[in-house]
Amino acid sequence: MIYLEHIPAAPLNRCVRALWYASASHLSHHRERMLPTGCVQVILNLHRDFLLDCPEGEPDRKMAPSLVVGARSVYEIIDNSDMVCLIGVVFQPGGFAPFASDDVHLFSNASNALEDVWGGSARVLRDRLRELPTPQSRLHCLEEFLLARFSNRVPSSGVVQFALQKFARGPCLSTVRELARSAGLSERRFSQIFREQVGLSPKVWCRVQRFQQAVRQLHAGLELPWADLALDCGFYDQSHFANEFRAFSGIDATTYSARRTQWANHVSAD
């Protein structure tokens, strides 16, 4: 298995959290449950001309080889046959807005062909990446493409960035009403701006981040009683934690711990 991650230089790092490359052709399981993070990704399959959509209880279907995967508030199932040669972009919260052809919430909980968003340049990019000989050269090419095409675009509004910084200190510490008031906006208008630029409403975003805090602790193998873990991550109580964890992941915390992989947000689904 090969996995490389690259943090882009300024000014691209204001919008892009990481570029990554993965090559894994012999994993011990066939499918993984991918947990929601709330962040938008772009994924390009460099091995074959499609990616698989694997909805539970339904037949697999082929999708375009390059996708915009919108901010998700629910898990999805991925097929590891797609992992032979992949490259992708993880955007900062609110960071996809300058790269999008429309409001970011229109991409949420869905996968769209990258060509439908970036036009023919997406196909040219993928063809170029497939020609390059090393993962490092591919990551460099992807960074240069993003920098050349989007460096002059306007990033998310100050209101959204201010809110994200507040939420990062603790998803429960600042209420939507308080943040709207401090920005001089109505709660409804503030929520609309946030949703259009981040992809999820402020309340759903905070729920996902609280869930992610629990995932990180579970993945690290911290041995805490469920009640203590729940309170530590900002849940009301153990029951609230259990219900939220299942709502976002489709499994309980015990199953997550038993099936976790090297990546916190990937869980064996076999």
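**Exercise 1. Is Asn 109 buried, partly exposed or exposed?**

Let's work it out in steps, keeping in mind that this is a predicted model.

- Step 1: find the residue. Asn 109 sits in the loop between E9 and strand E10 (111–113).
- Step 2: get its relative accessible area, which is 34%.
- Step 3: compare with the cut-offs. Buried means under 20% and exposed means over 50%, with partly exposed in between. At 34%, Asn 109 is therefore partly exposed.
- Step 4: check the backbone while you're there. Phi of Asn 109 is near 55 degrees, a positive value in a residue other than glycine.

**Exercise 2. Stay in that loop and describe Ala 110.**

- Step 1: Ala 110 also belongs to the loop between E9 and E10.
- Step 2: its relative accessible area is 26%, so Ala 110 is partly exposed.
- Step 3: look for contacts, skipping neighbours within four places in sequence. That leaves Val 68, Val 69, Gly 70 and Arg 72.
- Step 4: try a distance. Ala 110 and Leu 51 are 59 residues apart along the chain, and their C-alpha atoms are separated by 14 Å.

**Exercise 3. Sort Met 34, Leu 129 and Ala 258 by exposure.**

- Step 1, Met 34: this residue is in strand E3 (residues 31–34). With a relative accessible area of 18%, Met 34 falls under the 20% cut-off and so is buried.
- Step 2, Leu 129: you'll find this one in helix H2. Its relative accessibility is 0%, so Leu 129 counts as buried.
- Step 3, Ala 258: here we're in helix H10 (residues 253–259). A relative accessibility of 67% is over the 50% cut-off, so Ala 258 counts as exposed.
- Step 4: now see what the two buried residues touch, not counting residues up to four places away in sequence. Met 34 touches Gln 41, Tyr 75, Glu 76, Ile 78, Asn 265 and His 266. Leu 129 is in contact with Leu 44, Leu 46, Ile 87, Arg 138, Cys 141 and Leu 142.

**Exercise 4. How far apart are the end C-alpha atoms of helix H3, and what should the helix span?**

- Step 1: helix H3 (residues 135–150) has 16 residues.
- Step 2: use 1.5 Å times one less than the number of residues. For H3, the expected span comes to 22 Å.
- Step 3: check against the model. The end C-alpha atoms of H3 are 22 Å apart, which agrees.
- Step 4: list what is tucked away. The buried residues of H3 include Arg 138, Leu 139, Cys 141, Leu 142 and Leu 146.
- Step 5: see what they meet. The buried residues of H3 pack against strands E1 (2–6), E2 (16–23) and E9 (86–91), and against helices H1 (114–118) and H2 (120–131).

**Exercise 5. Do the same for helix H7, then link it to the nonpolar core.**

- Step 1: H7 has 18 residues and should span 26 Å; its end C-alpha atoms are 25 Å apart, which agrees.
- Step 2: the buried residues of H7 include Trp 205, Phe 211, Val 215 and Leu 218. The helices they pack against include H4 (158–168), H6 (187–198) and H9 (238–249).
- Step 3: go just past the helix. H7 is followed by Gly 221, whose phi is positive, near 80 degrees.
- Step 4: now the core. The largest nonpolar core has 64 residues, and those with the most contacts inside it are Phe 96, Phe 99, Trp 118, Leu 146, Phe 194 and Phe 245. H7 gives the most to this core, with 7 residues.
- Step 5: spot the link. Among the residues that Phe 245 touches are Phe 211, Val 215 and Leu 218, which are also buried residues of H7.
- Step 6: don't stop there. A second, separate core has 13 residues, including Ile 43, Leu 51, Val 69 and Leu 86.

**Exercise 6. How many cavities of 30 Å³ or more are there?**

- Step 1: the count is 1.
- Step 2: the largest cavity has a volume of about 50 Å³.
- Step 3: its lining includes Cys 39, Val 40, Phe 91, Phe 96 and Gln 197.
- Step 4: sort the lining and you get 7 nonpolar residues, 5 polar and no charged.

**Exercise 7. Which residues does a cis peptide bond join?**

- Step 1: the bond joins Ala 10 and Pro 11, with omega about 5 degrees.
- Step 2: place it on the chain. Pro 11 is in the loop between E1 and E2.

Key:
Residues are numbered from 1 along each chain as its sequence is written. This is a predicted model: local features need pLDDT of at least 70, side-chain atom pairs count only at pLDDT 80 or more; totals for chains, interfaces and linings use all residues. Side-chain values use heavy atoms; hydrogens and water are left out. A nonpolar core is a set of buried Ala, Val, Leu, Ile, Met, Phe, Trp, Tyr and Cys residues joined through side-chain atoms within 4.5 Å. Buried means under 20% relative accessible area, exposed over 50%, partly exposed in between (1.4 Å probe, protein chains only). Helices (H or I, at least four residues) and strands (E, at least two) are DSSP runs, numbered from the N terminus. Contact means heavy atoms within 4.5 Å. On a 1 Å grid over the protein atoms alone, a cavity is a set of points where a 1.4 Å probe fits but cannot get out, and a pocket is an open set with protein on both sides within 12 Å along at least five of seven lines; lining residues have an atom within 4 Å of a point. Grid points are joined across faces, edges and corners, and a volume is the space filled by probe spheres set on the points. Ala, Val, Leu, Ile, Met, Phe, Trp, Tyr, Cys and Pro count as nonpolar, Asp, Glu, Lys and Arg as charged, and the others, Gly among them, as polar.
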